[in-house]
Amino acid sequence: MTAIGRSADSTLETGLPARDTSGMSLPPDYHMHTPLCRHAVGEPVEYARHALSLGFTEIGFSDHSPMARDDFDDWRMRRDQLDEYVLKVRAAQTEFPQLAIKLALEVDYLPGQEDWICQLAARHPWDYFIGSVHYVTDSWDIDNPNKLSQWKHRDPDEVWVAYFERLRQAAASGLFEIIGHADLPKKFGHRPTQDCKALYTRFLAACKQTDTAIELNTAGLRKDCKEIYPSRQILELAFAQGVPITFGSDAHAPDEVGLNFAEAIQLARAVGYRESRRFQARKRLAAIF
Ligand SMILES: [Zn+2]
Ligand SMILES: [Zn+2]
């Protein structure tokens with residue numbers, strides 16, 4: 001499950017982890033966006049150039065995937081832009097052959113979308129899918145700043161229960177290699193009042209069962225919660241339950257690539273992790289950090 005496979009990137013050719021300019025070993029940044037999602041700036045070639053300057057040997061693009069219905073919301077690429085997205089990532093691969101650039105998607109998980117997600121999976125030779133829950137109902141994307149007022153009418157404990165039940169379903173579906181930003185409901189600073197250990201444990205058991213990783217997403221440090229997704233509590237439970245991890249900046253601009261990776265690596269190591277997941281054509285590989 002964690003065997004290091006063969007790949008063209010220098011990490012494995014040298015047997016040593018990638019290092020940034022300060023000598024810190026760098027796991028791949030597997031979460032970055034493109035302007036096709038309508039709320040990010042910079043072309044993939046610019047993200048890749050910045051990643052190289054930071055010392056990364058591997059990154060992955062995981063822009064917001066289209067929904068089956070283009071009018072579902074306004075913060076993702078349209079269905080007819082999927083091929084254009086792949087071409088943009090391919091252009092970065094061509095321009096920077098010394099950098100392993102993975103082709104991926106951040107796919108919204110909503111119950112009932114499984115067939116659509118399978119259709120997406122068949123469209124291109126993806127390296128991995130990040131399964132993310134943004135919607136706790138069909139109309140409330142809890143991280144959308146335009147819908148912040150909705151939180152006034154909601155009990156955070158109920159949101160946490162609904163959110164982690166959807167996240168558990170996403171993990172149990174086996175449709176994803178990675179589950180994105182596991183405790184996203186904390187984004188604006190809302191917190192549950194009750195102990196959620198049982199919720200987290202159930203979700204992580206589904207991850208373990210399907211061999212799905214969770215990501216350490218540094219974007220939380222740039223939001224009101226000022227904390228990496230997920231919390232240290234969740235990460236400790238994940239380590240205890242044998243759930244693998246990946247790292248992602250959730251970059252929506254080239255200069256956000258790799259942002260706060262030092263903190264994320266420090267947190268992962270403090271909890272006990274020494275290895276993160278890598279993916280090639282949806283096969284599971286490992287990187288040491
Ligand atoms: Zn986004
Ligand atoms: Zn997301």
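**Figure 1. Asp-143, a buried acid without a salt bridge.** In this predicted model, Asp-143 is buried yet forms no salt bridge. Its nearest side chain of opposite charge belongs to Lys-187, and the gap between the two is 4.4 Å. A salt bridge needs a side-chain nitrogen of Lys or Arg within 4 Å of a carboxyl oxygen of Asp or Glu, so this pair does not count as one. To find Asp-143 in the fold, look in the loop between strand 3 and helix 5. Leaving aside neighbours within four places in sequence, Asp-143 is in contact with His-134, Leu-184, Lys-187 and Phe-188. Keep His-134 in mind for the next view.

**Figure 2. The site of the zinc ion (ligand 2).** Which residues hold this ion? Glu-106 coordinates it through OE, while His-134 and His-181 each use NE2, at 2.1 to 2.2 Å. Read along the chain, these donors follow the spacing E-x27-H-x46-H. Glu-106 sits in strand 2 (residues 100-108) and His-134 in the loop between strand 3 (128-132) and helix 5 (156-173), so the pair ties together parts that are 28 residues apart in sequence. Are these two donors buried or exposed? Glu-106 has a relative accessibility of 1% and therefore counts as buried. His-134 is buried too, with a relative accessible area of 1%.

**Figure 3. The site of the zinc ion (ligand 1).** Here three histidines, His-39, His-64 and His-252, coordinate the ion through their NE2 atoms, at 2.0 to 2.1 Å. The spacing of the donors along the chain is H-x24-H-x187-H. His-64 belongs to strand 1 (residues 58-64), whereas His-252 is in the loop between strand 6 (245-248) and helix 8 (261-271), so this pair ties together parts that are 188 residues apart in sequence. Both His-64 and His-252 are buried.

**Figure 4. The two zinc ions together.** How far apart are the zinc ion (ligand 1) and the zinc ion (ligand 2)? The distance between them is 5.5 Å.

**Figure 5. The chain around the sites.** Stepping back, you can find 8 helices and 8 strands in the protein chain. Its radius of gyration is 18 Å, close to the 19 Å that the globule rule gives for 289 residues, so the chain is as compact as a globular protein of that length. Buried residues make up 55% of the 289 residues. Take the contacts between residues at least 6 apart in sequence: 76% of them join residues at least 24 apart. On the outside, the chain exposes about 11,800 Å², with carbon and sulfur atoms supplying 51% of that area.

Note on methods
Residues numbered from 1 in each chain as written. Chains lettered and ligands numbered in written order. Predicted model: local features only at pLDDT ≥ 70, side-chain atom pairs only at ≥ 80, totals over all residues. Heavy atoms only, no water. Donors = N, O, S within 2.8 Å, 3.2 Å for Na, K, Ca; no water. Helix = DSSP H or I, 4+ residues; strand = E, 2+ residues; numbered from the N terminus. Buried < 20%, exposed > 50% of the residue type's maximum accessible area, 1.4 Å probe, protein only. Lys, Arg positive; Asp, Glu negative; His and termini not counted. Contact = heavy atoms within 4.5 Å. Rg over C-alpha atoms; globule rule 2.2 N^0.38 Å. Areas by Shrake-Rupley, 256 points an atom, 1.4 Å probe, with all protein chains shown as cover.
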